[in-house]
Amino acid sequence: MKGYKLIATILSLLLLLSVSVIAQEEKEMTAEEFQKEMNRLTKEKVELTKQIDELKSQIADLKAKKAALRPVDEAKAELLALVGATDASMERYGKEITDLEGKIRRREGSIEDAELALQNLQNDKISACPKYNDKVFNQLTSMLEAWKAEEASKEVVYTVVKGDCLWKIAKKDEFYGNGFAWPVIYNANRDQIKNPDLIYPKQQFKIPNLTEEEKAKYDKARANYKPAPPTQN
Amino acid sequence: MLKAKKLFTSALAMLMLISMISFVGCSGVSEEEMANLEALRIEVKALQKEVNSLKSEKTQLEREIAEHNAQLEKVAKQKAEVEANLAKREN
């Protein structure tokens, strides 16, 4: 009987001990660890709260700054007003530039028409816009100059007919309109002309365009020409 | 003698029981405290989330302002060029 009581007491103690150990394991934390964690979290909470207040204040400042900014559309409208344009006219102007550029590239129409169109574009105030200024005053002008130079360098071929001489050919209105310019034809066809006084029907001569310098030179020669007085027999 | 021995055994058992209970009670963390800790953890987590959200809002605003200013600067530059070109035409 005594033995049973002792065994029962020991078992009770073991049970109590095991319950307390299980309870400890469930909590997984000592009081010290708990306090440390509480302190850390409390500190973090304070810091985060402070950070939130600062961020809210900064955001409020930024929102005020943003609201005070000048609208971009207003600035753009002012820019357009400077050249007396609207979005639609700017677009139309851009299209006109593209069209003219295409015509010059394709060598479409006459140079004179292209020159006139370019002149109109240049006269428009919209041409002062950086988007178009270089295009209108430099690029298109250069392209047009190149076209003109190309046209100027084109040689016309003339077939000699009976009674022609270099002077007569040079004097023709469709060529130089000035007989004094005959050496240009001679020099361009030296392979065919041995003697400038002797040319033959069906010969084909290249008639190059006169340069500005040549034109001035031969115009001057014509202006200074004084026919020799008639000889007295 | 036997009675005294029995009394001693019972007293010893009681002592052990009391010391065990007091040990458990003093060294551990109560459920209420654990609940507080958990609540604090949740609160800190929520605050951290709010901080992140505010930071991204701030970054977004800064970016928008910078873009706006860049556009205004571009238009101002264009305006200056237009004025210079118009002046050139007049001369």
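## The interface between chain A and chain B

Across the interface of chain B and chain A in this predicted model, 12 residue pairs are found in polar contact, both partners being at pLDDT 80 or more. On the side of chain B that touches chain A, α1 (2–27) and α2 (31–90) each supply at least two residues, and α2(B) gives the most, with 32 residues. By class, that side of chain B comprises 20 nonpolar, 9 polar and 14 charged residues.

The charged component can be followed further, since the count between chain B and chain A is 6 salt bridges; one of the salt bridges in the model joins the side chains of Lys45(A) and Glu43(B), at 2.9 Å from N to O.

The extent of the contact is summarised below.

| Quantity | Value |
|---|---|
| Residues from chain A in the contact | 52 residues |
| Residues from chain B in the contact | 43 residues |
| Area buried between chain B and chain A | about 4,500 Å² |
| Share of that area from carbon and sulfur atoms | 75% |

Within chain B, Val29(B), Ile65(B) and Arg89(B) lose the most area to chain A, and together they make up 13% of what that side buries.

Arg89(B) also appears among the neighbours of Ser127(A), a residue in the loop between α5 (111–123) and α6 (130–153) of chain A. Leaving aside residues up to four places away in sequence, Ser127(A) touches Arg89(B) together with Tyr93(A), Leu121(A), Gln122(A), Tyr132(A), Asn133(A), Val136(A) and Phe137(A). Ser127(A) counts as buried because its relative accessibility is 0%, where the cut-off for buried is under 20%.

Key: Residues are numbered from 1 along each chain as its sequence is written. Chains are lettered from A and ligands numbered from 1 in the order in which they are written. This is a predicted model: local features need pLDDT of at least 70, side-chain atom pairs count only at pLDDT 80 or more; totals for chains, interfaces and linings use all residues. Side-chain values use heavy atoms; hydrogens and water are left out. Helices (H or I, at least four residues) and strands (E, at least two) are DSSP runs, numbered from the N terminus. Buried means under 20% relative accessible area, exposed over 50%, partly exposed in between (1.4 Å probe, protein chains only). Contact means heavy atoms within 4.5 Å. Buried area is the accessible area (1.4 Å probe) that two parts lose on being put together, summed over both. A salt bridge is a side-chain nitrogen of Lys or Arg within 4 Å of a carboxyl oxygen of Asp or Glu. A polar contact is a pair of N or O atoms within 3.5 Å; within protein, one must be able to donate a hydrogen and the other to accept it, and residues adjacent in sequence count only if both atoms are side-chain atoms. Ala, Val, Leu, Ile, Met, Phe, Trp, Tyr, Cys and Pro count as nonpolar, Asp, Glu, Lys and Arg as charged, and the others, Gly among them, as polar.
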